[in-house]
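These are my notes from going through one model on screen. I wrote down what I looked up, in the order I looked.

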Amino acid sequence: MSPTVVPAIPAVHREVRLADQAEGELTAGHFTIVEVPVPVPEPGEVLVRTRVMAVTAAMRTQMTKVPLPMPSFVPGQALWGAAVGEVVAAPGGGFAPGELVHHPYGWREFAAVEESRVRRLDPDALPTPAAHLSQGATAWGALRRAAEVRPGDTVFVTGAAGGVGSLAGQLARRLGAGRVVGSTGSERKAARLRAELGYDDTIVRGAGPIERQLRRAAPGGIDVLLDTVGGEQLPAALAVARPDARFALVGALSSQLGGSGGALTPVELDTGLIITRRVTLRGFGLYAHPDLPQEWTKEFGQGLREGSLTFPHALLQGIEQAPRALCELTQGRHIGAVLVEL
């Protein structure tokens with residue numbers, strides 16, 4: 001094997017900063033792209049050149065003044081988020097130049113990252129570095145561990161065209177579901193969900209009452225809900241839940257992608273139904289399952305190699321496209337993960 005060639009480190013690089021907190025529709029004016037010196041790693045840090053970064057709905061929420069259970073972005077400072085990059089300098093010796101790693105400081109071309117926050121990646125585990133930024137680990141963990149999908153289950157996935165949902169339909173099938181229904185925002189997306197991504201039927205927001213559409217798509221009721229949206233879809237799912245249904249709640253897109261970008265999604269639930277039908281509602285977060293990324297990578301790699309799984313995603317080119325990528329995500333322009341290659 002030939003030695004890894006590490007590119008020369010430039011003197012300056014670009015990063016994307018928050019220009020102002022976002023209220024209302026997100027636009028390119030909420031971001032600035034600046035050129036700054038490449039950071040020098042301190043002891044215990046590595047310098048990483050970012051190759052590809054993810055944008056997610058949670059980032060829209062982090063741009064607001066809404067109190068959050070996570071740090072918010074600060075006007076005048078660089079944004080951050082999941083990214084895959086290449087180590088270019090490692091003064092502590094814990095990593096080697098040329099290694100592929102996952103790190104939390106996207107939105108910049110180079111990042112000095114604490115060694116404890118860098119996760120080494122096997123370059124042969126997945127076909128492309130971008131695949132390491134799928135949200136499939138959340139879908140896999142929510143369906144397999146939180147909802148415990150069983151053979152023959154009817155599964156309902158909200159936000160089925162998003163980064164989690166576009167893999168959740170395929171994974172529900174992989175786990176033995178008998179029928180899979182997904183919700184999305186347009187018939188164009190719904191057609192692709194049915195044709196390519198494992199969904200038997202779909203409901204379209206705005207095409208009629210959610211509960212009525214869901215009763216048509218799942219006439220026998222549902223056993224499992226994977227909810228990435230919240231809002232009106234959660235009580236609709238409860239209304240058609242079978243006894244002992246299991247609900248895994250992983251997101252709140254209905255508020256995150258709304259005009260306020262908020263984090264709260266208040267809904268009214270019928271506690272009588274929850275009790276009499278013995279419905280389990282369980283929140284699921286990947287951060288509580290540190291072993292899941294490795295488990296998911298093995299499952300995902302096998303599925304991609306066999307052709308039994310696909311990775312729907314949009315890949316924009318250049319850090320200057322990162323603001324556009326997040327704006328388009330909030331507008332529902334894409335199916336699957338939204339990534340930027342630097």
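**Entry 1: a helix pair.** At what angle do the axes of α3 and α9 cross, and within what distance do they come? I noted first that this is a predicted model. The two axes cross at roughly 90° and come within 13 Å. I therefore put α3 and α9 down as roughly perpendicular to each other, since angles of 65 to 115 degrees count as such. From α3, the residues making the contact are Leu167, Leu171 and Arg174. From α9, they are Trp296, Glu299, Phe300, Gln302, Gly303 and Glu306. I sorted the residues of this contact by character: four are nonpolar, two polar and three charged.

**Entry 2: the surroundings of α3.** Next I asked how many residues of α3 are buried. The count is eight of 10, so the helix is largely enclosed by the rest of the structure. The buried ones are Gly165, Ser166, Leu167, Ala168, Gly169, Gln170, Leu171 and Ala172. I then looked at what lies over them, and the cover includes α2, β8, β9 (179–184), β11 and α9. Just after α3, I found Gly176 with a positive phi of about 100°.

I also listed the contacts of Leu171, leaving out residues up to four places away in sequence. Leu171 touches Gly136, Ala139, Trp140, Leu143, Trp296 and Leu309.

**Entry 3: the nonpolar cores.** Leu171 came up again when I turned to the largest nonpolar core, which has 45 residues. Leu171 is among those with the most contacts inside this core, together with Leu143, Val155, Tyr199, Trp296, Phe300 and Leu339. I checked which elements supply at least two residues each: β3 (45–55), α2 (136–146), β8 (154–157), α3 (165–174), β11 (222–227), α9 (292–306) and β15 (337–341). The most comes from α2, which gives six residues. The core draws at least three residues from domain 1 and at least three from domain 2. A second core, separate from this one, has 24 residues, including Leu18, Leu79, Leu326 and Cys327.

**Entry 4: the domains.** I wrote down the bounds for reference: domain 1 covers 12–134 + 311–341, and domain 2 covers 135–287. How far apart do the C-alpha centres of domain 1 and domain 2 lie? The separation is 28 Å.

**Entry 5: Phe156.** I picked this residue in strand β8. Is Phe156 buried or exposed? Its relative accessibility is 0%, so Phe156 counts as buried. Leaving aside neighbours within four places in sequence, I found Phe156 in contact with Val181, Gly182, Ser183, Ile203, Leu214, Ile222, Val224, Leu225, Leu226, Gln233 and Ala237. I also took one distance: the C-alpha atoms of Phe156 and Asp223 are 8.1 Å apart, with their positions 67 residues apart along the chain.

**Entry 6: Arg194.** The last residue I looked up sits in helix α4 (residues 187–196). Arg194 has 33% relative accessibility and so counts as partly exposed, the class between the buried limit of 20% and the exposed limit of 50%. With neighbours within four places in sequence set aside, the contacts of Arg194 are Glu187, Tyr199, Asp200, Asp201 and Thr202. The C-alpha atoms of Arg194 and Gln135 are separated by 20 Å, and the two residues are 59 apart along the chain.

How values were computed: Residues numbered from 1 in each chain as written. Predicted model: local features only at pLDDT ≥ 70, side-chain atom pairs only at ≥ 80, totals over all residues. Heavy atoms only, no water. Core = buried A, V, L, I, M, F, W, Y, C linked by side-chain atoms within 4.5 Å. Buried < 20%, exposed > 50% of the residue type's maximum accessible area, 1.4 Å probe, protein only. Helix = DSSP H or I, 4+ residues; strand = E, 2+ residues; numbered from the N terminus. Domains from an automatic or database assignment. Contact = heavy atoms within 4.5 Å. Axes fitted to C-alpha atoms, helices over the stretch in contact; angles between N-to-C directions. Parallel < 35°, antiparallel > 145°, perpendicular 65-115°, else oblique. Nonpolar A, V, L, I, M, F, W, Y, C, P; charged D, E, K, R; others polar.
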